[in-house]
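Reader: Got a minute? I'd like to go through this fold with you.
Author: Sure. Let's look at it together.

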Amino acid sequence: MSGWTLTLKQAPALRLDLRALSPAALVELSADAVAKLGVWHGNESIALGELFTIAPRSDHELHLEGDLSRADRIGWQLAGGRIHVDGPAGDYLGAGMSGGEIVTRGPAGLLAACEMSGGRLEIGGDAGDYAASALPGSMDGMRGGTLLVRGSAGARFGDRMRRGSALVFGDAGDFLASRMVAGTIAVAGRIGAHVGYGMRRGSVVCAGAAPTVPPTFVANDANIAVFWQLLARDLARHGGAFATLPARRVHRHLGDLAAGGKGELLLCD
């Protein structure tokens, strides 16, 4: 019984679906059984050993090495254990995960952390559109856990988000926190147009340049000093631009008034 290091032999011709790979699914298998495990390559199932060089590890972690930008659904519905991706990852990274940890050293594709409900996902580079959002056709986005994007995030980050914390250390695209229901989003860099579109509740912390506040948000001068210190200290433990948040002043705007007006944009001085 051990963890595994899977090293991609060469870039696949078609997209891979790696939802079958998790630390729990592989820990009891022999090297031969792991090599024979079927994964989808386009619309064809092929043996894992045809795509990856397989080596055992002394721990119970799953390490994936190589350019996996065409490998989708890494950590799909992960409930426990640790996955480390030494490079870029494809679409649906950590989708539906409820526990465990996923760390990548490179960027991720579309829909990373969509419908995540627990655990920790750290993306070492940029995240594509619709991260921390809902799967196509679903009404609920991210519902718990912690998402860290060390680079920038694409459009519709946190769309329909319901719970959890999502931090972006770079810039965020248009429609950040669109249709957000609850949870916390913090952005260290610049924010695109239409932030908080259709936002019902939740908090968006703007730690970098102040975005253009939509006309459906209004300034609010209520004393939130205690709440702000609790939130700022929680975000500060992740470091980077967020480390100084407890010492900064904040200006609060409430909205989206077109959707109830209970969300908040927190603009830091």
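Reader: Start with a pairing. In β10, what is the bridge partner of I102?
Author: L121 is the partner of I102. Keep in mind that this is a predicted model.

Reader: Which way do β9 and β10 run, and how many bridges join them?
Author: They run parallel, and four bridges join them. Strand β9 covers residues 101–104. Strand β10 covers residues 117–123.

Reader: Back to L121. What is its bridge partner in β11?
Author: That is L147. So L121 has I102 as a bridge partner, and L147 in β11 as another.

Reader: What about I123? Which residue of β11 is its bridge partner?
Author: V149. Strands β10 and β11 pair in the parallel sense, over five bridges.

Reader: And in what sense does β11 pair with β12?
Author: Parallel again, with five bridges between β11 and β12. Strand β12 spans residues 163–168. Within that pairing, T146 stands opposite S165.

Reader: Is β11 largely enclosed or open, and why?
Author: It is largely enclosed by the rest of the structure, because five of its seven residues are buried. The strand runs over residues 143–149.

Reader: Next, the loop after that strand. Where does R156 lie?
Author: In the loop between β11 and β12.

Reader: An arginine in a loop. Buried or exposed?
Author: Buried. Its relative accessible area is 18%, and the cut-off for buried is under 20%.

Reader: What is R156 in contact with, sequence neighbours aside?
Author: Leaving out residues within four places in sequence, R156 contacts Y130, A131, S133, D174, F175, S178, R179 and Y197.

Reader: How far apart are R156 and V103?
Author: In sequence, 53 residues. In space, 22 Å from C-alpha to C-alpha.

Reader: Change of topic. Which strands make up the open sheet, and in what order?
Author: The order is β4-β3-β2-β7. That is four strands with mixed pairing.

Reader: Which are the edge strands there?
Author: β4 (44–47) and β7 (71–72). Each pairs on one side only.

Reader: How do β3 and β4 pair?
Author: Antiparallel, over four bridges. Strand β3 is residues 38–41. H41 has E44 in β4 as its bridge partner.

Reader: Zoom out. How many helices and strands overall?
Author: Four helices and 17 strands. The radius of gyration is 20 Å, close to the 18 Å that the globule rule gives for 269 residues, so the protein is as compact as a globular protein of that length.

Reader: What does the C-alpha trace span?
Author: About 65 × 35 × 25 Å along the principal axes.

Reader: How much of the protein is buried?
Author: 52% of the 269 residues count as buried. The protein exposes about 11,300 Å². Carbon and sulfur atoms supply 51% of that area.

Reader: And the contacts? What share comes from residues 24 or more positions apart?
Author: 40% of the contacts with a separation of 6 or more.

Reader: Last one, charge. How many positive and negative side chains?
Author: 26 positive and 26 negative. The centres of the two sets lie 6 Å apart.

How values were computed. Residues numbered from 1 in each chain as written. Predicted model: local features only at pLDDT ≥ 70, side-chain atom pairs only at ≥ 80, totals over all residues. Heavy atoms only, no water. Buried < 20%, exposed > 50% of the residue type's maximum accessible area, 1.4 Å probe, protein only. Helix = DSSP H or I, 4+ residues; strand = E, 2+ residues; numbered from the N terminus. Pairing = 2+ DSSP bridges. Rg over C-alpha atoms; globule rule 2.2 N^0.38 Å. Contact = heavy atoms within 4.5 Å. Areas by Shrake-Rupley, 256 points an atom, 1.4 Å probe, with all protein chains shown as cover. Lys, Arg positive; Asp, Glu negative; His and termini not counted. Charge placed at Lys NZ, Arg CZ, Asp CG, Glu CD.
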